[in-house]
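This report describes the fold, the sheet and the charged pairs of one protein chain. Please consult the sequence and the structure alongside the text.

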Amino acid sequence: MASTEEEAVDVCTSILDLCSDNPSLIAFKVSRQIEELEIDAKYVDAILKGEKVTTVRKGERQFKCGPAVLRTEDYALPVKISNVINTTIPHLTQSDAKRDGFDSLVQLENALSNHYPEIQNTDPVTIVEFITQVK
């Protein structure tokens with residue numbers, strides 16, 4: 001325990017890194033777990049072309065907005081999650097399907113059934129909106 005301000009600064013600087021550019025500043029690192037979402041490789045082209053800007057996941061998921069990675073076996077696509085919407089399958093719209101890279105709501109529903117064979121029409125889903133960070 002420090003009994004003076006100088007001792008307190010010494011203790012803090014021994015725990016944290018001193019900023020080399022300005023020794024009167026103390027810097028510290030805050031790390032955050034980056035979200036990783038597995039995707040099917042067949043969607044990579046649509047993502048890179050900007051045709052697919054969302055992914056729909058089974059369940060009520062609590063993804064955090066911010067940096068994320070869409071991962072396949074061969075790719076790691078950096079994205080920024082911009083919005084997360086919890087809804088149910090009956091509330092999905094044609095617009096949701098288009099933003100997810102499909103021509104119709106029926107195609108989106110069929111894709112969900114293929115990815116999640118046990119999914120039911122009343123199940124909750126999460127729409128994850130993202131912005132591709134690939135240039």
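With which residue does E36 form a salt bridge? The partner is R71, and the closest N and O atoms are 2.9 Å apart. A salt bridge here is a side-chain nitrogen of Lys or Arg within 4 Å of a carboxyl oxygen of Asp or Glu. E36 lies in strand 3 and R71 in strand 5, so the pair ties together parts that are 35 residues apart in sequence.

## Basis of the description

The model is predicted: local features need pLDDT of at least 70, side-chain atom pairs count only at pLDDT 80 or more, and totals for chains, interfaces and linings use all residues. Residues are numbered from 1 along each chain as its sequence is written, and side-chain values use heavy atoms, with hydrogens and water left out.

## Overall fold

The protein chain contains four helices and seven strands. Both kinds of element are DSSP runs numbered from the N terminus (helices H or I, at least four residues; strands E, at least two). Read from the N terminus, their succession is α-β-β-β-α-β-β-β-α-α-β. Of the 135 residues in the chain, 30% are buried. Buried means under 20% relative accessible area, exposed over 50%, and partly exposed in between, with a 1.4 Å probe and protein chains only. Among contacts between residues at least 6 apart in sequence, 69% join residues at least 24 apart; contact means heavy atoms within 4.5 Å.

## The sheet

Five strands make up an open sheet in the order 3-5-6-7-4, with mixed pairing. Two strands pair if DSSP finds at least two bridges between them. Strand 3 (35–38) and strand 4 (54–58) stand at the edges with a single partner strand each, so one side of each is left without a neighbour in the sheet. From one strand to the next, the twist averages 40 degrees; axes are lines fitted to C-alpha atoms, for helices over the stretch in contact, and angles run from 0 to 180 degrees between N-to-C directions.

Strand 5 (residues 66–71) pairs with strand 6 in the antiparallel sense over six bridges. These two strands form a hairpin with four residues between them, and R71 has A76 in strand 6 as its bridge partner. Strand 6 (residues 76–88) also pairs with strand 7 (residues 124–132), again in the antiparallel sense, over nine bridges. Along this pairing, I81 stands opposite F130 and T88 stands opposite P124.

## Buried residues of the strands

L37 belongs to strand 3. Its relative accessible area is 2%, so L37 is buried. L37 and V69 are 32 residues apart in sequence, yet their C-alpha atoms are 6.3 Å apart in space. Beyond its neighbours within four places in sequence, L37 is in contact with residues including T55, F63, V69, I81 and V128.

I127 is in strand 7. With 5% relative accessibility, I127 also counts as buried. Leaving aside its neighbours within four places in sequence, the contacts of I127 include T54, V56, V84, I85, L92 and D96.

## Charged pairs

The whole structure holds four salt bridges. Three of them, including the pair named at the outset, are listed here.

| Salt bridge | N to O distance | Relative accessible area of each residue |
|---|---|---|
| E36 and R71 | 2.9 Å | E36 47%, R71 27% |
| E118 and K58 | 3.2 Å | E118 45%, K58 25% |
| R99 and E129 | 3.7 Å | R99 33%, E129 15% |

R99 is in helix 3 (residues 94–99) and E129 in strand 7, 30 residues apart, and the pair links distant parts of the chain. E129 is buried, whereas R99 is partly exposed.

The salt bridge between E118 and K58 spans a greater stretch of sequence: E118 lies in the loop between helix 4 and strand 7 and K58 in strand 4, so the pair ties together parts that are 60 residues apart.## A buried aspartate

D123 is found in the loop between helix 4 (105–115) and strand 7. What is the nearest side chain of opposite charge to D123? K58 holds that place at 4.2 Å, and D123 is buried yet has no salt bridge. For such charges, Lys and Arg count as positive and Asp and Glu as negative, while His and the chain ends are not counted. The side chain of D123 reaches the backbone nitrogen of Q120 at 2.7 Å. Apart from its neighbours within four places in sequence, D123 is in contact with K58, T88, I89 and E118.

Conventions:
Polar contact = N/O pair within 3.5 Å; in protein donor to acceptor, adjacent residues only side chain to side chain.
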